Amino acid sequence: MTAPSSARPESDTERLIAQLRTRCDALERRRARDADELARLRSESKASLHRLLTGLLDVDDALAESVRWSTRQDRSHAAGTVEGLIEQVSAAHRLLRLRLLEADVRPMDLTHRHAVPDIARVVDIHPTTRHSADTVLEERVAGFYLGQQVLRTAEVVVAVPALETEVPEEPVAEPKRSRPAAARRQPRRLPRHKRRGRRS
């Protein structure tokens, strides 16, 4: 009769320990990769925020220059002053959109597109027959994406079907009936006693 060998339990224990070590090493490598990825995202986020804030300072400079320019203008030429101010504000708006784009902030531009509840909030409706229902006719407040995520939902005016107004039917003209000729009015005859008086 042979004695039971103790080699098998020891080999099973070593195999389990080796598997645990392999799993621990894999988890450690995954944790290190996740930590590196998180650090990279934080760095990119800080850089993007820095670019955005720097761009907003450029826009602030442009708007401040517009205010200074408007104060130097002759108030008697109001039309020219307003036109020039509009041009400068428009230029500042274009600069702001450019800086936002550099920070991966993009406008949604939903006009003439279908309004999706996740990105657009309907604040008004406009009955029309020229556009299909739920078509965005106007963006009261622009919506923006930050990368692939929604940074701010848009506030929009959408089209709704216009009620068809019923056209009143014109009454059918009845044929004109021929009226009998009006009797000719006889001259008024005076009583006999008055006629006698006149003769005398």
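**Strands around β6, and two aspartates in loops**

Four bridges link strand β3, which spans residues 136–141, to strand β6, and the two run antiparallel. This is a good place to start in this predicted model. To see one point of contact along that pairing, look for Val 141, which stands opposite Glu 155 in β6.

Now stay with β6 and turn to another of its partners. Strand β2 covers residues 120–128, β6 covers residues 154–161, and eight bridges join them. Here the direction is parallel. You can find your bearings in this pairing with Pro 127, which faces Val 160 of β6. So β6 takes part in a parallel pairing with β2 and in an antiparallel pairing with β3. While you trace these strands, it helps to remember that side chains in a regular strand point alternately to one face of the sheet and the other.

Next, follow the chain through the loop that lies between β2 and β3, where you will meet Asp 134. The backbone is worth a look at this point: Asp 134 is not a glycine, yet its phi is positive, at about 70°. Is Asp 134 buried, partly exposed or exposed? Its relative accessibility is 38%, so Asp 134 counts as partly exposed, since that class lies between the 20% and 50% limits.

Finally, step back to an earlier loop, the one between α2 (78–102) and β1 (105–107), which holds Asp 104. Asp 104 also has a positive phi, near 65°, and is a residue other than glycine. With a relative accessibility of 38%, Asp 104 is therefore classed as partly exposed.

Conventions: Residues are numbered from 1 along each chain as its sequence is written. This is a predicted model: local features need pLDDT of at least 70, side-chain atom pairs count only at pLDDT 80 or more; totals for chains, interfaces and linings use all residues. Side-chain values use heavy atoms; hydrogens and water are left out. Two strands pair if DSSP finds at least two bridges between them. Buried means under 20% relative accessible area, exposed over 50%, partly exposed in between (1.4 Å probe, protein chains only).
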